[in-house]
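Reader: Hi, can you walk me through this one? I'm new to reading structures.

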Amino acid sequence: MERFFQSIERAIVCHDWYGALSTALTIPDIAGKFENPQLKVVQRYKQWYREWLQETYTGKGAALDGHIFLCDEDCYGLRCSYLHAGGAELEKKAKHTLEKFHFIEPPNWGSAHRNMVNGNILQLQVDKFCEDIVLAGREWVTWANSERQDIIERMDSLLFIHNANNGIPGLIEIHRD
């Protein structure tokens, strides 16, 4: 999983916001499948989100205490809208409390993350959102390492992009004398 987390972080450093967001939105998919392969995609995505990310998107303090800015259903709706159609508006079947998402690049004057606009549009700072998912993913991997060896074993099936400079593993060997 670490290679996926590092890919997101490299994309953030390079300001490749779409690449960072695409990979970040797949983390709950990947982790959810490893943790609960018997569940359907939507169930495992939402369950993983609720357990590992929803608290980050729940308000704290007197005015916002307990307000969920981004619930599991809306995050799953974002995932579907963005990854399947490149959109930010939630389809009717995916809408829960939000109408659409408004992502912004990091402003040079600070941070503008987790703001509600017009009552049902969630404004997120793309780097912060992706970093939140990476942090949750790393916490999940730490938990899995200590609690669920079956998950760690399933991670062996993750895609690995090989370096072909020394051949292609299992296909071509290059011997240099």
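Reader: Which residues are linked in a network of salt bridges?
Author: Glu2, Glu9 and Arg138. A salt bridge is a side-chain nitrogen of Lys or Arg within 4 Å of a carboxyl oxygen of Asp or Glu.

Reader: What am I looking at, by the way?
Author: This is a predicted model; local features need pLDDT of at least 70, side-chain atom pairs count only at pLDDT 80 or more, and totals for chains, interfaces and linings use all residues. Residues are numbered from 1 along each chain as its sequence is written, and side-chain values use heavy atoms, without hydrogens and water.

Reader: Back to the network. How far apart are N and O in the salt bridge of Arg138 and Glu2?
Author: 2.5 Å. Arg138 is in helix H5 (residues 126-147) and Glu2 in helix H1, so this pair ties together parts 136 residues apart in sequence. Helices are DSSP runs of H or I, at least four residues, numbered from the N terminus.

Reader: And Arg138 with Glu9?
Author: Their closest N and O atoms are 2.6 Å apart. That pair also links H5 and H1, 129 residues apart.

Reader: New topic. Is Lys46 buried or exposed?
Author: Lys46 is buried, meaning under 20% relative accessible area (exposed is over 50%, partly exposed in between; 1.4 Å probe, protein chains only). Lys46 has no salt bridge.

Reader: Which side chain of opposite charge is nearest to Lys46?
Author: Glu73, 4.3 Å away. Lys and Arg count as positive, Asp and Glu as negative; His and the chain ends are not counted.

Reader: Where does Lys46 sit?
Author: In helix H3 (residues 41-52).

Notes
Helices (H or I, at least four residues) and strands (E, at least two) are DSSP runs, numbered from the N terminus.
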